[in-house]
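Here's a walk through one model, strand by strand and contact by contact. Have a look at the picture first, then read on.

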Amino acid sequence: MAGRSDRRRKVGKGGPREPSPPDLPAELSPAFLPEHDLDDGGIYELLAFADLDISDREAAGAEIEACTFSNVNLSQVKLRRGLIRDVAFERCDLANLRALDSSFTRVALSACRMTGLSLIDDDLRDVTFAGCRVDLSTFRSSKVDDVVFTDCRMEQADFTEADLRGARFEGCDLTGAQFTGAQMTGSRLSHCELTGIAGVTSMRGAIVSSSDAVALAFILAGALGITIEDG
């Protein structure tokens, strides 16, 4: 949809910017199946998807723009070279959704179930995850720019080789998360559960809150083979 302009973003003091929200019109047309079913090369614009089951689909080159999804089942969906722009997901099931070599721009996800989500070699820009279950997920080799995870369950999430320099984690459970090979200079973590994270030495340049720093120091000491004893 040519001519759609980006909203001006607030720039924080270092680190990621505040993500721009989806640019959505006041009115959308309701989506129906099978007319608006997910398919190869499909283009979906200005649609409101609600209470639909679009699970277990496969699509290559699909484009979804200026749409909303409310209580939609998208579990087991497989996307290749997809484009998702100016889209809001609320209370949706995206468990085990897989997206390869796809882009997500100005996307908001709230209260979504995303266990087993797989985003590999994807590009995420201006994306917010709020109150979502994103455990056992993978963001391997993906690039995130102005992406915020807030109050999310992210146990055993895999960020191997991901570019997280534009990421912010706030109040998230990252127990057992994997950060090996990730780029994290300027990324921010505040009030997160970091027990058992791996690849902590890849967190060079990250900014952490003081409440997280103590736990992180013990994890880093363990990674470096340092034994801490009571004096």
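Which residues are linked with Arg 168 in a network of salt bridges? They are Glu 18 and Glu 170, and there's more on that group below.

## Ground rules

This is a predicted model, where local features need pLDDT of at least 70, side-chain atom pairs count only at pLDDT 80 or more, and totals for chains, interfaces and linings use all residues. Residues are numbered from 1 along each chain as its sequence is written, and side-chain values use heavy atoms, with hydrogens and water left out.

## Salt bridges

The structure holds twelve salt bridges, each being a side-chain nitrogen of Lys or Arg within 4 Å of a carboxyl oxygen of Asp or Glu. Back to the opening network: between Arg 168 and Glu 170 the closest N and O atoms are 2.6 Å apart. Arg 168 has a relative accessible area of 13%, so it counts as buried (under 20% relative accessible area; exposed is over 50%, partly exposed is in between, all with a 1.4 Å probe and protein chains only). Glu 170 is partly exposed at 24%.

Another salt bridge joins Glu 65 and Arg 85, with 3.1 Å between the closest N and O atoms. This one links distant parts of the chain, 20 residues apart: Glu 65 sits in strand E5 (residues 63-70) and Arg 85 in strand E7 (residues 83-90). Strands here are DSSP runs of E, at least two residues long, numbered from the N terminus. Glu 65 is buried at 3% relative accessible area, while Arg 85 is partly exposed at 26%. Then there's Asp 93 with Arg 113, whose side chains meet in a salt bridge at 3.1 Å, N to O. That pair also links distant parts of the chain, 20 residues apart, with Asp 93 in the loop between E7 and E8 and Arg 113 in the loop between strand E9 (103-110) and E10. Arg 113 comes out as partly exposed, at 42% relative accessibility.

## Strands side by side

One open sheet has four strands in the order E4-E6-E8-E10, paired in parallel (two strands pair if DSSP finds at least two bridges between them). Strand E4 (58-60) and strand E10 (118-120) are at the edges with a single partner strand each, so one side of each has no neighbour in the sheet. On average, neighbouring strands of this sheet are turned by 10° against each other, direction ignored; the axes are lines fitted to C-alpha atoms, and angles run from 0 to 180 degrees between N-to-C directions. Inside the sheet, strand E6 (residues 78-80) pairs with strand E8 (residues 98-100) in the parallel sense over three bridges, and Lys 78 stands opposite Arg 98 in E8.

Elsewhere, E7 and E9 run parallel and are joined by seven bridges, with Phe 89 opposite Leu 109 in E9. E9 also pairs with strand E11 (residues 123-130), in the parallel sense and over seven bridges. There, Ala 108 stands opposite Thr 128 in E11.

## The cavity

How many cavities of 30 Å³ or more does the structure hold? Just one, with about 260 Å³ of space in it. A cavity is a set of points on a 1 Å grid over the protein atoms alone where a 1.4 Å probe fits but cannot get out, and lining residues have an atom within 4 Å of a point. Grid points are joined across faces, edges and corners, and the volume is the space filled by probe spheres set on the points.

The lining of the largest cavity comes to 24 residues, with Leu 79, Ile 84, Phe 89, Leu 94 and Leu 97 nearest its centre. E5, E7, E9 and E11 each supply at least two residues of that lining.

## Backbone oddities

Most residues other than glycine have a negative phi, and most peptide bonds are trans. The peptide bond from Leu 33 to Pro 34 is cis, with omega near 5°, and Pro 34 is in the loop between strand E1 (29-30) and strand E2 (43-45).

Arg 91, not a glycine, has a positive phi of about 55°. Arg 91 lies in the loop between E7 and E8 and is partly exposed at 43% relative accessibility. Asp 146 also has a positive phi, near 60°, but sits in strand E12 (residues 143-150) and is buried at 4%.

How values were computed
1 Å grid on protein atoms, 1.4 Å probe; cavity = no way out; pocket = protein on both sides within 12 Å on 5 of 7 lines; lining within 4 Å.
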